[in-house]
Structures are given as C-alpha cells and as structure tokens.
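Here are a few exercises to work through with the model open beside you. Try each one before reading its solution.

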Amino acid sequence: MAKAEHSVLGTSIARQGGVERVTGAGIYGIDLDLPNAVRGGILRSQHAHAKIVSIDTSQAKALPGVYAVVTAADAPDVKYGRTTIDRYMLAKNKVRYMGDPVAAVAAESQAVVKQALKKIKVVYEPLPVVLDPEETMKASAPTLHEEVPLPANLPKDANVKNVCSYTGVHAGDPEKAMAEADVVVEEVYETKMIHPQYLEPRIAAARQEPDGRITLWANAQAPFGVRTDVARLLKVPLNKVRVLSTELGGGFGGKASGITSGAAIEPICALLAVKARRPVMIVLDKAEETISTTIRSGAKMYIKTGVKKDGTIVARTGKVVYDAGAYSGFGAMAGARCTQMLGGWYLTPNVHIDGYVVYTNKQVCGPVRGPGGPQAAFAVESHMDSIAAKLGIDPVEFRLKNVPKSGDRIVGVPKLRDISLGETVRIAAEKIGWGKTKLGKNQGIGIATGSWIESSGPGGGAMVKVNEDGSATVHIGKIDMGTAPRFGIPMIVAEELGIPVNDVMVVNVDTDASPWDAGTVGSRSIIVSGTATRLAAIDARNQIFKLAASQLEASPDDLEIKDKQIRVKGTPAKSVPLATVATAAHNVIGEVVGHGYCDSKLMAAEEKAHGNSPPFTAHACIVEVDPDTGNVKILKYVAVHDVGFVIHPVAVEGQVEGAAAMSIGQALCEQVVFDTNGRTMNPSFVDYLMPTINMMPRIETTLVHGYPGAGPYGAKGAGEIGCVPPMAAIANAICNATGVRIRTLPLSPENVLRALRAAKR
Amino acid sequence: MDYFKPESVSEALSLLAKYGNEAKIIAGGTDVMVDIKYKEEPGCLVNIKRIPGMSAIEESGGSLRIGPLVTIREIETSKLVRERLPLLWEACHQFASLQIRNTATIGGNICRASPSGETLAPLLVLGAKAKLAFSDGEKTEPFNSLFQGPGKTSLGSKGLLAAIEIPYPPKGSSGVYLKHAVRGPMDIAVVGIAVLVVPDSAAKTLQEARIGLGAVAPTPIRAIKAEAMLRGKPLDSKLVEQAAQMAAAESSPITDQRGSAEYRRWIVEALTRRGLEQTWKAATGKEVA
C-alpha cells in the first residue's frame, strides 16, 4: 500500500547513526571532553525526611584541588516544579527523600570530589518517614510540604492530607447503573516503583563563557525545559542560557521532564561552573541515578465494575492512589492519566473515579514511557478477566462485546473516529492460538489490550534548509533516542524534496538555533516534528519551484522534483538540477529555508469535528509456571498494534519490542525496594533486576492498517503504547495456568509461589 | 591507595604480613573493583596475578589440583573437569556472564566466601581441600572448615590460597548443581544446591548422599542431618520428601531484597527434592520410586 504511493515512506531504511552506536564510537555525553574542565559531584541526603540544622563546608573548601563547594545559600532563593513549585535545586531547610541534593562540589578529579563530599558536615534533625501513599494521606501522617496547600478541586468530604493533586473522572450515573447491574466485581490492584534504567549515565556539563552566558551540555529529552528552569533558578534571561543536547543512550521518559528528571543536576552544574570559574562536568553513577532521579510510580488502584449477564459493561467506579514521591515532579500528569485510564477504553457509559496523587518520602515521579498507563492497564485488563470469569464468558468474547464504535465516547476521548481495538483483539487471539493451542501442564494463556493518547500537547516547529548542493539540513526541537529524528524525519524530507535520505541531516537540538519544543515525550515525535517537518519540506519545495519556474519557463504548479532534478511534469527533458536552483537562491532569497509547524489547536479542532482515532493494541502470551519455585517463563508472545500509517516498519517494531520488554521486566522482576527508613536497597544493577535477553520471549509484532491518525500521512505515535498491556497479559496467563489471580506486582518467583501456596491453604 | 604486584608467594605473604587488614588481594577483580567503587578503598591492593605456578589444572592421583588463578571460564572449558568433575563444571557453567567468567578466578570465588558463591556448595560436596600458604608454612584445610562467615575464611588477613585439591567422586556416583535466581546465571543465587549421590552396586540403596546448600546460611553448608537420613537407605519419594524438609530445616537463611528467609527454605526443599530425584535417575537409570 505504502510503496505505491510513496518512494521512501513505508520502507525500512538503515537508521542514520546506527553504526556509530553499535561500534561504540565516542558520541555520548560522557565522551565530552571540554578543555580545562573539572569534575562535579553532589552530596545527597542520607535521611528520607529531616530538617537541615546546619551545613558546614569549610573542611571541604580547604581541601587542595577543590574549586567550588555550593549549597542552597549560594543559589538565588528560587524554587522549581512542574505543576507545584515545591522544590529547591539544593535542599533548603528540609530534605524529603534519600537522594535529595544538599550540596555540590567541583574539584580537579573525581577522587577529590569524593573526598570533598565526605568532608561536608550536615547536621540533620530526623523527621518521621512515610513511604506508603495511603498512610501519608491519613490525618496522623507528618506533613511533607508545609507551604503547599491542598488542591482546590478536592472533593469536599475527602478529609486527606499530603495530596499533591486530584483528578476526578465522572460520566453518567454510576451509582444507579451499579445498583442495576446483574454482576458487580470489585478488586484492588497495586504496582510498585520501577526505575527506567537507561544504560547511559546522565551527565551535565556547564561552562560560563567570557561574556557571562552559560553553555550547558545535557543528555536531556527536553532541552528547552532544562533551559527554562536553569535560567529561572540562576535568575538570568533565557537568551543567556544555551543548552546543547548530547546524543542520548536511552531515556524512556527518565530524562524527559526538564531539570526535574535529574533532580536539578543541570542547574547545580551551572552554579558550580560559575563559582569555580571553570567548566564543570557531572556524571551520575548507576546507584546514584537509581536513588535520585525520576521513576515510574507505584499505584494502588481500587476498581469496581457492574455488568449485565450478557457481558455488557454498565458502570465503572474506582480510586487511584498515585505516588508522587517527595516532590510534585510529573506526578499530577501521570496520576491523572492513570485515573482516566482506570475508566478503561471499552464502552462504559457510567464512570466515577477519584485519583489522588500523594507525596511520600521517595524518589520523584517522572513521565516514564506511557506515564500512568501501564499501571492502570494492569488493573483494568486483569479485572476484565476477573469479570469474564465471574460471568462465565470467554475473555476474548467479553472484550469484543464491549468495543466502542465510531462516534462513541470513552474516558478521555469525547468522540471516537476509527476504532482498531476489535481488530487488534481478534488478530492477537488468532496469532496466539486462542482456544486452539493445546496447553501443557502448568501452562496458561492470557490476553490484554491497551490504548494511549493520540494527540494533545504543545505544538512545535521545523526548519528545512536546502544547501547549494541539494542536500538538506533540518532543525527540529526533538532529540534522537532511537525515535523519529533519524528514522521518520529524514524520510519525510527525502519524500517531499525528492532527494536521497542520506542527503538529509537532522541537527541535534541547540536551544540557540532549534525551534522550541516541549520535549521528546508522549509518543509525540512523529506527530509534532513529523507534521512540522512535512510542512517545512513542502514550503522549501514551493520556494524551489518558484525559483526554478522562470529558468524552466513553466508555472511552478507544473513542476515536480525527483532524484534531485526539478522537471516539468510530462516533459522530463526539461529539467534543472536541484543544486543549481539552490545555488541560484543565494542571489535571490539567500537560502531556501522551509518553515513548518505542528499547530496543536488546529489538530484539536479537527478532532473535535471529526473525532479522534487513538492507537489500540492487544498483546497475548503463553506462560509456564514452575509450581515448586514460582518461576514464570514466557513461551510465546504476540503484540498487535495500530499505529496508523507506518512510516518505518522496523523502527515501529523496535519500539513495540522495546516497550513490551520494559513492561515484561516490570511484570516479572523489576522493583525499587526500600527499607523502612526509605533507603533504596537495590540501587545497582547487581541488585536491581532488569530482565536479560534470556528471560525475553521473541515478541511477534503485527501492525494493523487502515486506521489513520492525526500525524503526518496518518501516522500515530508508537513509542509508549507497547508498555501498556504486557503486565496484565502475563498476569492473566498465570491465572489461566494456576487458577490464582495475583493483584500485586511484580509477578516474581517469590510472589507467585506465595500466592500459589496461599491459594492451596 | 598503594598497589603491589608481587611475583612470588613469599613476596605476597610478606606484603600481607606488613599491611595486614589494610591489604586487599586482587586477582580477577570482579568483586574487588566493584567494592572499591561503591564501598571503602582498601589501604593497598596486592595483585597476585603475576605469581607463577598458580594457574594450572593438573591431575594428581585420584584428584584434580586447580590453581587459584585459574579462571572460571578455563574450568568451564577444561576437558578434564568436564569428564572428572561434572558437578564443578555445572556450577562454573551457571556462573554469571561469559565476560565475568573470563576474568573471575576460582580462588577469588573461594576467598570472597560469599554464602552464594557459585563454586562453593559443589566444592563442599566434592570434599575439596584448600592448600593455604602462610609465612610459617603451608597448611591443608578441608572446605567444611575453611569458611567462617560471610567474607571470612581461615586464611585471615595473612594467608594466601595456594591450591585447591578436589578428589574424584566415587565410581557410579552422580552430581548436580541447581541454582535458583530470578535471572538465572546472570544473577546472584537466591539458593544454590549441590547434590551428589552414591548408590550401592545393585542400585537399590543409597550408599551415601551429599547435599551442599548455598546462599541460605552465613557460609555454604552441608545438610548433615538430611545426609544422615538418607545414608544406607533405599530411596523412595517419601524419604526424598523427608530429606528435603530436613535440608530446609538445616538452613538458616536471611531475608533481603532477593528473597525472604521463608521463601529460601521453600526453595531449599524444592531443589533438594529435585536434586535427589535427578541424580538418582542419572546414577541408576531409575526414577525415584
């Protein structure tokens, strides 16, 4: 289909920059080598909740080789935060989690940094620590943020404290519908904190230029967000801060929320550079990363559903208690998304869900790949199987029965357009052999679905500069992390300009030169930068046609561009090389620069008028459970996805596999473990169990077609949705194998065996 | 931090005598380097990798002598080990990643004395002996008295492991190493169990059963009471069950982020049962009745 209409789109060209990554060329932030740079390091709180009585840095400052020691007293009295401004870059008065930055050092070597950090004397007055969000909400709990008021929209009878934000979802008359339901199923689900654990360590490097400006290098997914907060916290204008994005070795949302993600490593580094009068580079080690940076929050989810005997869902009520961690971070947004998704993506006319995002003395919530979605889907899709079991209906049939149709509304989407949910379920069932595969002893089969946001969010721009040799240089605001900038973006430019993909170069983000962007988040690279780039390339092409028209003695409308030649349609002999036109532009407009924008308001208006076609997915698997050890082995795994028009099939499959692997890890083994004082027990890769390839099944991906999205050519974002269904798919398969429903993650050998033994009793 | 590269055992021993607890011996470095990064730096490092004569696998009479600097990978790829000591081979085969196996030494695994050390329960069960070098001479220490606690051996701070002697298991015996870890070889064992059974010539009764337990006590241990229950008895599923329960009772695991004490006992029971069934079948060709 794609190949007939397009020359480049729909093919799986080699990823630009792939070879450098595989061969280990020095391309990442950590490889940065600034002249005269010194190293920086951060002193982190050893208490999860305490008052800071005093900080004495005199011994550290006296140490030979130390260039600067900074505390909150050295920085302007300015706080930061995404939704609630509740945090200093270096803790002032109080620390709220073990990992909170308290002071920082710049010194000639990493060894001296380490020694100096040890010589900083901080006197703490420990305060009671709260780790469980439900405990924190109680009146008896200590107050974590004295200066933060409760959210204005809290229900009047809520009687809670330490709530960072509240989301209420309401539709129809759930109380009445629940009372009239034939069957009501009520359950409680819980997921634990995981860390996104990108392999590349987080870095920041800062240099104050002779004119006073600050240049910052960061492996951040949102360089403009970093610039905003660094400028605010150091009280300098935005144009005095330049953020250069280094190559990113994985982020998964863990580097996506401005300076919140790295607990202010960037402004701390900048402050050190200013005080030290030397460039400073900070590299976090893995354990420091795990205890201090943003995570995927744990969520406790109360879910209740009323159904008719025939399997029609009539009502859903529930409550989400979402762990924000020590500061607001991305908690309000992720918790709101989790609350909405607990309403499900099936036709459910009556809904009421309360979502509380709550402060605790733990790491801060970030926008980790599909923030809030995987947690909600674990509850919703496990719950769907529980309802089906109670009704005696096949889980696949039960899901198909409740698929919405065009024009319907679901929670978060007022009007649906094309709905791929049913087709993904049918294909997944067929591929896994639902009802046909003969299962062996201790084996079980499970299915789960998912959805994700299709659009919504800030807009963004693109610039396509056509050089005099006909090659193109592209500026967008999204960074590359295995996503669109080196797959879809160059392909779109090549398609629209009629030049080879390798003649397109997408520049990494430089906030001085690149168009503003909210960050590489929310599966939005192809929607925002893809849309903007397409329009920018078309704009550039129009300028080229206008310049070429007189030379070819034809109307610009009669021209086409192919293989770097501008030709008169129908008269291929009449042509001029793109390079000639681009060079001639020097004497006319200087340079062909195409501009394009993704206009979010326009996109929203389109959706309001014609409806929204969110991506849907269904995953299914077969597992084998060892009844002696509780070990779960995945024998077969299929993932069926609708991502609209597929620009680069292999890139999409890569995103699906990576996302599924991430949630399989959360399902089977991953978890940040705490002791009662709030200390992370498994900060390093020795103890924090990421799955290895040996635990991974082959993920068989199928992409369905025919459900165009809001992105360029009908594409939809594909980076996050693969994280949504796996946990429930595996839990459902375990339940099918053993008859035991496990409602708390991870489905680790110990938790599974414990559940099996409890069920026997 | 000082760094020394002694070229003989006596040179190494004099460094240890001089620096005592301040000195840290390094060979493969897979544990020591991580400790330096995350824990305290030692006063000095004594790199023993250059000392000659400690890197060979040799047959001597009815036993195998392995130098402490032999890497796990060398053991894993040794034909001699594979043929004569398949139990040790199995433990080395399930030992972390290939990269780590290429670097880590058996001496390091032993001297680290981690309760979960992969080769320790098998060596205990095989009746291995350690040759320990001190400044006043060599001493032979059986493995069941070598380990004194997590990270502690009878070498103390002044001794050097000179060789490991492993007698060949009796004819007709069969051994197995079963490791339970969430991530398999790429993970520290939650429980590691080595089982060696010696049936009588008629394949009717158990002449001897040896059970080694890893990661479930302050040191790797033998499940002596379970072994005694099995000795001289015909093996049936009821006896297997009783011995497995006894082994679990003999363990004294801790609770940590890898698993609770209770769970570890469940696994000791399950793997002991599995180990006895598997080795009995391998040795006799018969299922446990």
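**Exercise 1.** Is Glu146(A) buried or exposed, and which parts of chain A does its salt bridge with Lys94(A) tie together?

*Solution.* Keep in mind that this is a predicted model.
- Step 1: start with the accessibility of Glu146(A). Its relative accessible area is 51%, and the cut-off for exposed is over 50%, so Glu146(A) counts as exposed.
- Step 2: do likewise for its partner. Lys94(A) comes out at 7% relative accessibility; buried means under 20%, so Lys94(A) is buried.
- Step 3: check the pair itself. The closest N and O atoms of Lys94(A) and Glu146(A) are 2.7 Å apart, and the salt-bridge cut-off is within 4 Å.
- Step 4: place both ends. Lys94(A) sits in strand E4 (residues 94–95) of chain A, while Glu146(A) is in the loop between helix H5 (133–136) and strand E7 (163–171), so the bridge ties together parts that are 52 residues apart in sequence.

**Exercise 2.** Work out how far apart in sequence Arg242(A) and Asp512(A) are, and classify both by accessibility.

*Solution.*
- Step 1: find the bridge. The closest N and O atoms of Arg242(A) and Asp512(A) are 3.7 Å apart, and the pair forms a salt bridge.
- Step 2: locate the ends. Arg242(A) belongs to strand E11 (residues 241–245) of chain A, and Asp512(A) to the loop between strand E19 (504–507) and helix H15 (525–552); they are 270 residues apart.
- Step 3: classify. Arg242(A) has a relative accessible area of 27% and is partly exposed. Asp512(A), at 40%, is partly exposed.

Now try chain B. Arg50(B) and Glu7(B) meet in a salt bridge at 3.3 Å, N to O. These two are 43 residues apart, with Arg50(B) in the loop between strands E3 (44–47) and E4 (57–60) of chain B, and Glu7(B) in the loop between strand E1 (2–4) and helix H1 (9–19). Glu7(B) is partly exposed, at 46%.

**Exercise 3.** Which residues have the most contacts inside the largest nonpolar core, and how many residues does that core have?

*Solution.*
- Step 1: size it up. The core has 104 residues, and Trp345(A), Phe398(A), Ile730(A) and Ile734(A) have the most contacts inside it.
- Step 2: find the main contributor. That's helix H11 (residues 373–391) of chain A, giving nine residues.
- Step 3: zoom in on Ile730(A). Beyond its neighbours within four places in sequence, Ile730(A) touches Cys621(A), Ile634(A), Ile664(A), Ala667(A), Leu668(A) and Leu747(A).
- Step 4: look elsewhere too. A second, separate core has 48 residues, among them Ile499(A), Ala536(A), Ala540(A) and Leu547(A).

**Exercise 4.** How many residues does each chain bring to the contact between chain B and chain A, and which helix gives the largest share on the chain B side?

*Solution.*
- Step 1: count. Chain B brings 22 residues and chain A brings 27.
- Step 2: get the area. About 2100 Å² is buried between the chains, with 54% of it from carbon and sulfur atoms.
- Step 3: go through the polar side. There are six salt bridges across the interface. One to look up is Glu262(B) with Arg754(A), where the closest N and O atoms are 2.8 Å apart. The polar-contact count is 12 residue pairs.
- Step 4: pick out the helices. Helix H2 (32–38) and helix H12 (261–284) of chain B each supply at least two residues to the side touching chain A. The largest share, eight residues, comes from H12(B).
- Step 5: sort by class. That side of chain B has 10 nonpolar, four polar and eight charged residues.

Notes: Residues numbered from 1 in each chain as written. Chains lettered and ligands numbered in written order. Predicted model: local features only at pLDDT ≥ 70, side-chain atom pairs only at ≥ 80, totals over all residues. Heavy atoms only, no water. Core = buried A, V, L, I, M, F, W, Y, C linked by side-chain atoms within 4.5 Å. Buried < 20%, exposed > 50% of the residue type's maximum accessible area, 1.4 Å probe, protein only. Helix = DSSP H or I, 4+ residues; strand = E, 2+ residues; numbered from the N terminus. Contact = heavy atoms within 4.5 Å. Salt bridge = Lys/Arg side-chain N within 4 Å of Asp/Glu carboxyl O. Buried area = accessible area lost by both parts, 1.4 Å probe. Polar contact = N/O pair within 3.5 Å; in protein donor to acceptor, adjacent residues only side chain to side chain. Nonpolar A, V, L, I, M, F, W, Y, C, P; charged D, E, K, R; others polar.
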